[in-house]
Amino acid sequence: MRPAHLALALALPLLGIASAQSIRIDGSSTVYPISLAMAEEFSIENPDVNVSVAFSGTGGGFSKLCAGEIDVADASRVVKQGELDACAANGIELIELPVAADALTVVVNSGNDFVQCVTVEELNAIWAPDSTVSRWSDVRPEWPDEEIALFGPGTDSGTFEYFTEAVNGEAGAIRTDFFPSEDDNVLVQGIQSDPFAMGYFGFAYYAENSGRVKALQVDSGDGCVEPSAANIESNTYTPLSRPLFVYVSAVAAERPEVQEFVRFYLDDFNRELIADTGYATYADDVYAATLQRFEDRVTGSAFLDFQPGDSVLDAVRGD
Amino acid sequence: MTRAERTSDASLRLSPATRARERLVRGLLLFCAGLSVLTTFGVIAVLIGETAAFFADPAVTFREFFTSKRWTPLFADQSFGILPLLSGTFLVTAIALVVGVPLGLVSAVYLSEFAPAGRRRRVTSLLELLAGIPTVVLGYFALLFVTPLLQRVVPGLNLFNPLSAGLVMGFMILPTVSSISTDAMQAVPSSLRQAAYGLGATKVQLIFRVVLPAALSGIVASVVLAMSRAVGETMIVTLAAGQRPLFTLDPRETIATMTSFIVQAATGDQPAGSLASRSLYAVAATLFAITLLLNLVSQLVVRRYRERYE
Amino acid sequence: MSRVLGREERADPARADRPERPDMLDLGGGQARRRQANVRAFGAAVFVPVFLALALLVTLLFDVVTDSFSWQVIEPRNSGQSFSFLEGFAAFGTWENVVRLELLAQGRTQEEVDALLSDPEARRVFGARNRVELMPWVDGRPFRWLVTSSRDDHVADLPLLEGLGQRRELLARAEPGQVVVLNAWLDLSFFAKNASRTPTMAGLLPALVGSLMLVALVIVLSVPLGVGTAVYLEEYAGDTRFARLVELNLSNLAGVPSVVYGILGLTVFVRLLGLGPVVLAGALTLTLLVVPVVVVAAREAIRAVPDSLRQAAYGLGATRSQVIARVVLPNAIAGITTGVILAVARAIGETAPLLVIGAAAFVPRPPDGPLSLFTAIPIQVYTWVSENDVEFTHVASAAIVVLLLVLGVLYSLAFYLRRRYESRW
């Protein structure tokens, strides 16, 4: 504990400042809306617990969790072994809780009638860091000889990290001449304005704006799969769908307010809060199994070797 | 010794307790004054320390930093060329100066040569109010009012663009240019003015041939100072100009400035100590160096050239 | 002297054809009149930038105020019934009265409603999920109470002026169950609500308290430091090297971009001292930013105190510190206060340093003390504008109106003090 913290902690009672119970959450900006909704509703029912939520990013969330600065980390990807080790070195074990399912939708202009389905290899060819593709016909000769206008989220978002990892094999690896924006609305406007545009963003946003752009089906080797809530939940829309996680430090899990909060998060009654944010939810038994995992304080990650097509329920149960 | 010192300590016989108290008071006040020195030292130490660590990393070279046109610290393929941020800053600043300097100068002419005393006070208060508008409000105005307006007139104008930001920023620096230039113009001795009138000059001739040249040092200083403020301005550009590093001089393109990158990096996700987060300090150090230089130049201009007309 | 001449000239009708201002020689009627016209035209032209600056201010105010209203089409979770102003208003307990009306409209019995309203916990939860609003216009009728919920579905949102012309169309096209309202986003409940993920329930309370706490701390820290430095420079230091170094530092610090102060604060207060992104760290950073302003104002005020007063005090046997404490400072207090007010106005509006420190997180409720996470009014404005949601823009506009009002009051106070005590000697 830092000396300043220690001194202040001792001085606090003297200053008579009551330290209310607090839960600190930080991490992925993708999971942020879910945690935010949960934090707000939980705070309403438990006014003496101060739940604060930030969105410094998945990586930032893990490093703060491992440093003991926060209690819960939001993550749009599975924790890495290196991060687990760093936490363990600080005496902090992590309890892994999948809470929702997200997908990335690849979209084109709604007037685009020449492409329905695209393979992962083709996506990679278009978006790779050293891509030489500049026209649709470079990818498939039967496509028009027009320039592809590319739109995508900026580097700060988990969506960016996820897309680049899934399509190009490495987080952050991407050609640099696309038009970036953190604002999905700007991306949609851009794609609407150019008949030969292509872009990607979260499924949640696409679901709300499905009238304005057209989503492509993705073929990862087993046929074309369209982005839909059902396909996301069953983990068949791959590689562009993924579970979203919340990681609780085992140390924090010993506190009653944190336990209440996790139970609140996974409660069936609050499922509609997740649906409100636009993400897909799993079946009730997944959440029941996840809650059991928390109550049993099972630490470590069950998703390190998670492959597309695997069952989330089995992973949580530890089968 | 100041007059006060001589008078106070010399002939009075002070008790040891009183003398001790006086010394204590003096010490405390000295400490207060010293804090400003400490602050500057702190700023420089922090910036230099982290920037040194930044350049010590093998992935970064001075050459790349100053000549490369790619600033991608957050991509997998990191590239640290600051030129896009500099060009973005320059673009917005240039537009702001083009708007703010003429308007500010003309306001100063009005205030010092035309306005009666009561109106002068009111207009000065108005300009002070303008200067007091929080920049986040100006950024809101640029993004939500100016940009949609301009998009109807300028083809190909992006939602985030340096043109709107620069226009609004021009009004932000107008008071700076105006107040310093007004002071400079009013400092022109009346003997010069009367001499001009005596020679048959009109008011307009007086202004262009006597007052403006006489006040030139102050005017130049005000412009340099306004430039420094424009370079260091953060919220207007963060909200309205964009956060996409791009080396361009087209004011319709979305760009990033040094300051908007600093905000993006500080509110973003890089863990402390990583190369990407250290790049924040390197950019801040560059920004600090530029504004410091501009401030020193402005002070130098005033000091060097003011005496000529005394 | 020219003024005097002017009056004489105007008084004498025989001199009517002479130019008004004697700063032009009478070179013969036509040429003089043309020159006069030129000067007047130039004088008018020179007023243009001032006019533009005024136009900008007026446009900004107008834009912000009109954007704090919007026409909305809502599918309410609650009953959707609105109540007339008189029906809902009660001298004490308007909130309870309207809630009662709403719950009855939802179909609950009197006993249920009484039970709910007498349970403080239930009231609190209801208040956290619903908002009692006095809407200027609901479904064609003016000034009615409506209870909105955080779970309402917002179908459409139109700006004030645009919707004004279209309101009958909106009414005609509204489906059953939908309510068309003119929503005034800035109302009393805006000050009592906490931050929220929904625009309906978003309020300024945490930001207000945060800003107040910051300002209080900044005043407590910056006044002694700023006045102390000014006193030292004016009363103690001669033309020593140290004094010149301090002055050089102050003038340079005044020109440092505020975002660099944020970086200093982040590195030293948040990370090095381990405070974290709390109120105290923000206040310390803002203090550093604001001290040069206080110093400049205090120095001017102290300099304005005539030396004769000081000498008189010394003559009576006072020590230096006594002279300063009992003679100089009391007489400089007006100027110092003006400087502090301007410094506070600056601190309230600063966003960049607080953003860099890390104040941008979602903070559900007001900070408890200097060691809490916090948010401030300009930070909320930034966050709400960045949401890129048209309804959050209205909330941001409401916050900006509050911010500008506060600043307006502060600046008026400062201007008044300055004028009142301008030339006392």
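The exercises below concern chain B and chain C of a predicted model.

**Exercise 1. Describe the interface of chain B and chain C: how many residues are in contact, and how much area is buried?**

Solution.
Step 1. Count the residues in contact. On the side of chain B there are 85 residues, and they meet 85 residues of chain C.
Step 2. State the area. The two chains bury about 7,400 Å² between them.
Step 3. State the atoms involved. Carbon and sulfur atoms carry 75% of the area buried between chain B and chain C.

**Exercise 2. Determine how many salt bridges there are between chain B and chain C, and which side chains meet in a salt bridge.**

Solution.
Step 1. Take the count. Between chain B and chain C it is one salt bridge.
Step 2. Name the partners. Glu128(B) and Arg418(C) meet through their side chains.
Step 3. Check the distance. From N to O it is 3.0 Å, and the cut-off for a salt bridge is within 4 Å.
Step 4. Turn to polar contacts. The rule finds 10 residue pairs in polar contact across this interface, both residues being at pLDDT 80 or more.

**Exercise 3. Identify which helix gives the largest share of the side of chain B that touches chain C, and sort that side by class.**

Solution.
Step 1. Find the element. Helix H2 of chain B, residues 16–56, supplies the largest share, with 19 residues.
Step 2. Sort by class. The side of chain B that touches chain C has 51 nonpolar residues, 24 polar residues and 10 charged residues.

**Exercise 4. Establish whether chain B is a compact globule or more spread out.**

Solution.
Step 1. List the secondary structure. Chain B has 13 helices and two strands.
Step 2. Apply the globule rule. For 310 residues the rule gives 19 Å, and the radius of gyration of chain B is 25 Å, well over that value, so chain B is more spread out than a compact globule.
Step 3. Add the box. Along the principal axes, the C-alpha atoms of chain B fill roughly 70 × 70 × 35 Å.
Step 4. Add the burial. Of the 310 residues in chain B, 55% count as buried.

**Exercise 5. Carry out the analysis of Exercise 4 for chain C.**

Solution.
Step 1. List the secondary structure. Chain C comes to 18 helices and six strands.
Step 2. Apply the globule rule. Its value for 425 residues is 22 Å; the radius of gyration of chain C, 30 Å, is well over this, so chain C is more spread out than a compact globule.
Step 3. Add the box. The C-alpha atoms of chain C fill roughly 85 × 70 × 40 Å along the principal axes.
Step 4. Add the burial. In chain C, 52% of the 425 residues are buried.

How values were computed
Residues numbered from 1 in each chain as written. Chains lettered and ligands numbered in written order. Heavy atoms only, no water. Contact = heavy atoms within 4.5 Å. Buried area = accessible area lost by both parts, 1.4 Å probe. Polar contact = N/O pair within 3.5 Å; in protein donor to acceptor, adjacent residues only side chain to side chain. Helix = DSSP H or I, 4+ residues; strand = E, 2+ residues; numbered from the N terminus. Nonpolar A, V, L, I, M, F, W, Y, C, P; charged D, E, K, R; others polar. Rg over C-alpha atoms; globule rule 2.2 N^0.38 Å. Buried < 20%, exposed > 50% of the residue type's maximum accessible area, 1.4 Å probe, protein only.
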